[in-house]
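Please study the sequence and the three-dimensional structure shown below. The paragraphs that follow lead through selected parts of it, one after another.

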Amino acid sequence: MAELLASGGSMEMVRAAFESGADAVYVGAKGWSRRRAQYEMDDPRIVEAAKYARSVGKILRVAFNTLPASAEVPLFLAKTDALYAEGVRDFILTDPGLMMALKNRHPDTILHASVGCTIINVQDALFYKEAGASQIVAECRMGKETMRKIKEEAGVGLEVLVHATTCYTLLGRCTMSSYTRHEHRVDAAGKDHFPGSPNRGGLCYRVCLTDWDQVGPDGEIEAAGVTLPNPAFFLADDIPDLIDIGVDTIKIQGREYSVALVGEMVRFYRELIDACVRDRASFRIGPWKERMARIVAERDAERREKTAGLIEESVAEDTLSLDPRLKPRVSP
Amino acid sequence: MQEFELVLSVATPGELAGTDLSPYDAACLGSPYCRRVEGNYAEALDLLPEAVSRLHAAGKKAYVASPATPREADLPHVGRLVDAAAAAGADAMEIHNMGVLRILREKGRPLPAHMGAYANVYTHLAAGVMREAGAVRVRPNAEVSLPEMGTIAREGRVEVELLVHGKIPLGVTDRCFLLTEPEETDPKCPKACREEHWLASRQWVLKSVGKGVLSGRDMCMLEHLPRLARDGFRVFRVEGLYESAAYRSEIGAVYREALSRAAAGGEYRVEGRWTDAVLRHSAKGLCNGYYFGTAGRKYVGTVLQDRNPEV
């Protein structure tokens, strides 16, 4: 049966997700995952969460799925060594070089290739399998035929996001946020958090979600107030098909949402998946729609508020210190 | 004098027509953004032999771009593209997608791989994995700073290519933003991306090319070329996609002269005629921030720093 994977933006959220029916929870190592620091965990908290997961017979995965600087590779290895020593075995990564390095160092680790890898075809899946991943996350708009083919031909686990945002461009291949604002904040351990780069530090200012005017060559407005599509989705209709395809993990993203909302989302999917598996032949999605609509409305309200705040941040003055190693001279 | 290579990207015979290629050492043929671009060398495989021969006859190298976002249904075409590029005698294939790199490897590496801007090379370890799969050159992601690029080259044991002038690739997708109907039926396709479209909001301007988002400002490293030469970089790209023939010709000429002077190692100063050409072709201003660790849209320098018409 497919594993239900939920987000753990805090210890409270980790507990709530497991109690609501998640089989596994992912957390982000501070400075190393695709979310800003407030939704990540420091090492002692990760160890605590991993112990809690083991105590209830479930899995904790630790995301190191940003794309660091080469100089930070020793930090990555030291940090994962320490977590490994505490019993953590499950990691989510993006950089194929880091995957190989970690797998060579600790062959019994279980590596998942993150959504940041932008895996869109079977050959992509095979590439990351060869780099050490035992499971890959499907790009958000991947069709079911490709999923089926990956299951049949790649010999690698398949993870599908049922609650996430799609991004205007392909997720993992966008630097619009850091084009507008990008800084360096180096923590005490020497890790740069790269504020403004979702690929490198996790904080995305979501500039795609502001209103844009499409303008022609002479400055004429061709279309005013256009929105670059970046919808948040919440799939339910597809769950039976995903189960039929043999998807290994059904993932609910959402470390930045409230604990209550994440708990509600996990319970919804847990009950839906269980009902579908229990009696696939007579399963109908109709009765689930009303409950789903309530969750979506709640989710959208939380998302709108966060997006507005992020866009405002993106136009604020750069206040963080710049990496002194680069010594830039910036135009006024 | 140190040797260097100046590479131009050019998508179609139409874009090549009228472009003075004399400043360039190599051309990368084809658009990685969309298979429906009319005359795309990466799609119209029968055009490759003549284009490659023409470049070779002029003493230039010929590289062939591959699609940046090939879905499963595109892979048979990618296989044919690899075969056609190799048969035409191309010198390398530009690759953005790891699946395409794997296809090239599985075919016995009939030509070397150059990892493109969307391949997300951020570390020397990733570059090393790609090298093992057949890559000899990488263009790190736009967000990677100059010191990091030096590390990637040194410790990844690959050649590093730098964008020195032109729009920075900021995002790629497989859905065309300029169309309202499916691309097969929308009458605006394939004309829409040949026209000029910008996206403007607050203080930001971006260029939309349908399936790609580019910087509004032009990356400009003109005043920093001596540093690039001192740091050991040897391969430089001028982004010619979605630009005019005059842009490709005149920007190329500026950089040929400037790079030659920088590579010679003597006194270097930015000439007025260079800045005139650069500013004439940069409608939304200049930038180079990523290389120095700041936001991409910023310009770091002392010569052209006040030439950003849009703040």
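In this predicted model, helix α5 of chain B is followed by B:G134, a residue with a positive phi near 125°. The helix itself, α5(B), is mostly covered, since seven of its nine residues count as buried. These buried residues are B:H124, B:L125, B:A126, B:A127, B:G128, B:V129 and B:M130. Against what do the buried residues of α5(B) pack? Within chain B they pack against α4, β5 (113-115), β6 (135-138) and α6, and in chain A against α3 (73-85) and α4. The surroundings of α5(B) thus include elements of both chains.

The partner α4 in chain A deserves a closer look. Helix α4 of chain A comprises residues 96-105, and helix α5 of chain B comprises residues 124-132; their axes come within 6 Å and cross at roughly 90°. An angle of this kind makes α4(A) roughly perpendicular to α5(B). On the side of α4(A), the contact is made by A:P96, A:G97, A:L98, A:M100 and A:A101, while α5(B) contributes B:L125, B:A126, B:G128 and B:V129. Sorted by class, this contact has seven nonpolar and two polar residues, and no charged ones.

A second crossing involves helix α5 of chain A and helix α4 of chain B. Here α5(A) packs with α4(B), residues 98-106, at an angle of about 80°, and the axes are 7 Å apart. These two helices are therefore roughly perpendicular to each other. The residues that make the contact are A:Q123, A:D124, A:L126 and A:F127 of α5(A), together with B:M98, B:G99, B:L101, B:R102 and B:I103 of α4(B). By class, the contact of α5(A) with α4(B) has five nonpolar, two polar and two charged residues.

Both crossings belong to the meeting of the two chains. How many residues of chain A are in contact with chain B? There are 60 of them, in contact with 57 residues of chain B. Five elements of chain A each supply at least two residues to the side that touches chain B: α4, α5 (122-130), α6 (144-153), α7 (176-180) and β8 (212-215). That side of chain A has 29 nonpolar, 19 polar and 12 charged residues. Strands also link the chains, as β8(A) pairs with strand β8 of chain B, residues 198-201, in the antiparallel sense over three bridges. In this pairing, A:D213 has B:A200 of β8(B) as its bridge partner.

Attention now turns to strand β10 of chain B, which covers residues 212-220. Is this strand enclosed or open to its surroundings? Nine of its nine residues are buried, so β10(B) is largely enclosed by the rest of the structure. Several strands pair with it. β7(B) and β10(B) run in the antiparallel sense and share six bridges, and B:G171 has B:V213 of β10(B) as its bridge partner. Strand β9 of chain B, residues 204-208, also pairs with β10(B) in the antiparallel sense, over three bridges. B:V213 in β10(B) is the bridge partner of B:S208 as well. β9(B) and β10(B) form a hairpin with three residues between them, and B:G210 in the turn has a positive phi of about 90°. With strand β12 of chain B, residues 286-287, β10(B) pairs in the parallel sense over two bridges; there, the bridge partner of B:M219 is B:C287 of β12(B).

A residue in a loop offers a contrasting setting. B:R157 lies in the loop between α6 (146-156) and β7 (159-172) of chain B. B:R157 is exposed, because 12 other C-beta atoms lie within 10 Å, and a residue with 12 or fewer counts as exposed. Leaving aside neighbours within four places in sequence, B:R157 is in contact with B:G128 and B:R131. The C-alpha atoms of B:R157 and B:N97 are 20 Å apart, and these residues are separated by 60 positions along the chain.

Finally, chain B may be viewed as a whole. Its secondary structure consists of nine helices and 12 strands. The radius of gyration of chain B is 18 Å, close to the 19 Å that the globule rule gives for 311 residues, so the chain is as compact as a globular protein of that length. Along its principal axes, the C-alpha trace spans about 50 × 45 × 35 Å. Of the 311 residues of chain B, 60% count as buried. Among contacts in chain B with a separation of 6 or more, 63% are between residues 24 or more positions apart.

Technical notes
Residues are numbered from 1 along each chain as its sequence is written. Chains are lettered from A and ligands numbered from 1 in the order in which they are written. This is a predicted model: local features need pLDDT of at least 70, side-chain atom pairs count only at pLDDT 80 or more; totals for chains, interfaces and linings use all residues. Helices (H or I, at least four residues) and strands (E, at least two) are DSSP runs, numbered from the N terminus. The radius of gyration is taken over C-alpha atoms; the globule rule is 2.2 Å times the number of residues to the power 0.38. A residue is buried if 20 or more other C-beta atoms lie within 10 Å of its own, exposed if 12 or fewer, and partly exposed in between; C-beta atoms are placed from the backbone. Two residues are in contact if their C-beta atoms, placed from the backbone, lie within 7 Å. Axes are lines fitted to C-alpha atoms, for helices over the stretch in contact, and angles run from 0 to 180 degrees between N-to-C directions. Angles under 35 degrees count as roughly parallel, over 145 as roughly antiparallel, 65 to 115 as roughly perpendicular and the rest as oblique. Ala, Val, Leu, Ile, Met, Phe, Trp, Tyr, Cys and Pro count as nonpolar, Asp, Glu, Lys and Arg as charged, and the others, Gly among them, as polar. Two strands pair if DSSP finds at least two bridges between them.
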